[in-house]
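User: Please take a close look at one loop residue in this model and at the helix that follows it, then work outwards to the other helix packings and to the loop residues that deserve a comment. I would like a connected account that I can follow on the screen.

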Amino acid sequence: MVGRNRIVTVFGGSGFLGRHLVCRLAKLENVTIRVACRNPRRVGFLKTAGAVGQIWPLAIDILKDEQVALAVSGADVVINLVGILHQRGRYTFEAVQGQTPARIARAARAAGVERLIHVSAIGADPGSGSAYARSKAAGEVGVFQVFPEATVLRPSLVFGPEDDFFNRFASMARLSPFLPLIGGGQTRFQPVYVGDVAEAVVAALADPASLGRTYELGGPAVYSFRQLMERVLEEINRRRALVTIPWWLARLQAWFLERLPNPMLTRDQIELLRSDNVVAPGSLGFAELGITPTSLDVVLPTYLKRFRPGGGYSASQR
């Protein structure tokens, strides 16, 4: 991505991964970035990550063809990061993750876009019992049908300073006498650093060999859910009981919780937890993109220390 000025449209740039990716893209030469999202005020601060006029927030509704087409008009590269953890109103898994990727791919093809990167998720499976996983699989199919030379990246559990996983459980441990282990906490994850996923997007753009390929992105170690909870408690220096929650009870709790505006747990997430979230054997991954993934132990202490007694500033914790 050198030479003439190139335009990159990032859908979902206001999200956790999006913010990191936009900052990474801003370091490239001769690149103008359009951050397409529902609320551009949420990403106004990203303008300072680049030169004056390099980063442009753009308000769009991803469910409307004409607005998606406007966002990709004149772009050289399109990157889709759009994803949701729970459904609300017309923003369902099928609409956002199943149909929108193909909508973006069609608009990109019609606009003559050179490269399309689609970020999906490990566990995307048309036969899954989870609507989330089925919609992720449908999104990948829709992209490749329209734009066969697209590149798909499937990260495992993404962690980093603003993540919704480790921060949530660390916050819970400050108030609750226990942390829940749904189904016994045996589900396995391969946590991947958000900065490495952003770097993988940039590496894929620079590598012609990535055209038409799918990469599964996982960190250097695999952990069970129980091990991750133990790691959280160790890092925040708190002792809490780890209590097994049977699947049936977890589903019952989720039935109530998913009715909240921002649910902590849904029945679909329970279904997701029935399957491991790790890189499949033989998959392309970080190695093929020339990236060495960052260890959880390197990054986790930098942002969970605020959950320690005294906020991490007591003399014994410095």
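Analyst: Thr92 sits in the loop that runs between strand 4 (77-80) and helix 3, and everything said about Thr92 here rests on a predicted model. With a relative accessibility of 25%, Thr92 counts as partly exposed, because the buried class is reserved for values under 20% and the exposed class for values over 50%. Once the neighbours within four places in sequence are set aside, the residues in contact with Thr92 are Ile84, Gln87 and Gln97. Tyr132 lies 40 residues away from Thr92 in sequence, while the C-alpha atoms of Thr92 and Tyr132 are 9.3 Å apart in space.

The loop of Thr92 leads to helix 3, and helix 3 (residues 93-110) packs against helix 2 (residues 65-72) at an angle of about 50 degrees, the two axes being 9 Å apart. An angle from 35 degrees up to 65 degrees falls in the oblique class, and helix 2 and helix 3 are therefore oblique to each other. Their crossing is right-handed. On the side of helix 2 the contact is made by Asp65, Val68, Ala69 and Val72, and on the side of helix 3 by Arg103, Ile104, Arg106, Ala107 and Ala108. Sorted by class, the residues of this contact of helix 2 with helix 3 are 6 nonpolar and 3 charged, with no polar residue.

Helix 1 (residues 16-25) can be read in a similar way, beginning with its burial. Helix 1 is mostly covered, with 7 of its 10 residues buried, and the buried ones are Phe16, Leu17, Gly18, Arg19, Leu21, Val22 and Leu25. The axes of helix 1 and helix 6 (residues 194-206) come within 9 Å and cross at roughly 55 degrees, and these two helices are therefore oblique to each other. Helix 1 passes helix 6 in a right-handed crossing. In the contact, Phe16, Leu17, His20, Leu21, Arg24 and Leu25 of helix 1 meet Val194, Val197, Ala198, Glu199, Val201 and Val202 of helix 6. The residues of the contact of helix 1 with helix 6 fall into 9 nonpolar, 1 polar and 2 charged.

The loop between helix 1 and strand 2 (31-37) holds Asn30, a residue other than glycine whose phi is positive, near 60 degrees. This is worth a comment because most residues other than glycine have a negative phi. Asn30 has a relative accessibility of 34% and counts as partly exposed. Asn237 also has a positive phi, about 60 degrees, although it is not a glycine. Asn237 is placed in the loop between helix 7 (225-236) and strand 13 (241-245), and at 49% relative accessibility Asn237 counts as partly exposed.

A further loop residue, Phe165, lies between strand 7 (158-159) and helix 5. Phe165 counts as buried at 13% relative accessibility, and apart from residues up to four places away in sequence it touches Leu157, Phe225, Leu228 and Met229. Arg109 is 56 residues from Phe165 in sequence, and the C-alpha atoms of this pair are 35 Å apart in space.

Helix 5 (residues 166-175) in turn comes together with helix 10 (residues 296-304), their axes coming within 11 Å and crossing at roughly 50 degrees. Helix 5 and helix 10 are therefore oblique to each other, and their crossing is right-handed. Phe166, Asn167 and Ala170 are the residues of helix 5 that meet Leu296, Leu300, Tyr303 and Leu304 of helix 10. The contact of helix 5 with helix 10 consists of 6 nonpolar residues and 1 polar residue, with no charged residue.

Finally, Glu140 belongs to helix 4 (residues 131-146). Glu140 counts as buried, with a relative accessibility of 7%. The side chains of Glu140 and Arg154 are joined by a polar contact of 2.7 Å. Leaving out neighbours within four places in sequence, Glu140 is in contact with His118, Ser120, Ala121, Ala124 and Val152 as well as Arg154.

Note on methods:
Residues are numbered from 1 along each chain as its sequence is written. This is a predicted model: local features need pLDDT of at least 70, side-chain atom pairs count only at pLDDT 80 or more; totals for chains, interfaces and linings use all residues. Side-chain values use heavy atoms; hydrogens and water are left out. Helices (H or I, at least four residues) and strands (E, at least two) are DSSP runs, numbered from the N terminus. Buried means under 20% relative accessible area, exposed over 50%, partly exposed in between (1.4 Å probe, protein chains only). A polar contact is a pair of N or O atoms within 3.5 Å; within protein, one must be able to donate a hydrogen and the other to accept it, and residues adjacent in sequence count only if both atoms are side-chain atoms. Contact means heavy atoms within 4.5 Å. Axes are lines fitted to C-alpha atoms, for helices over the stretch in contact, and angles run from 0 to 180 degrees between N-to-C directions. Angles under 35 degrees count as roughly parallel, over 145 as roughly antiparallel, 65 to 115 as roughly perpendicular and the rest as oblique. A crossing is left-handed if the near helix is turned anticlockwise from the far one by less than a right angle, and right-handed if clockwise. Ala, Val, Leu, Ile, Met, Phe, Trp, Tyr, Cys and Pro count as nonpolar, Asp, Glu, Lys and Arg as charged, and the others, Gly among them, as polar.
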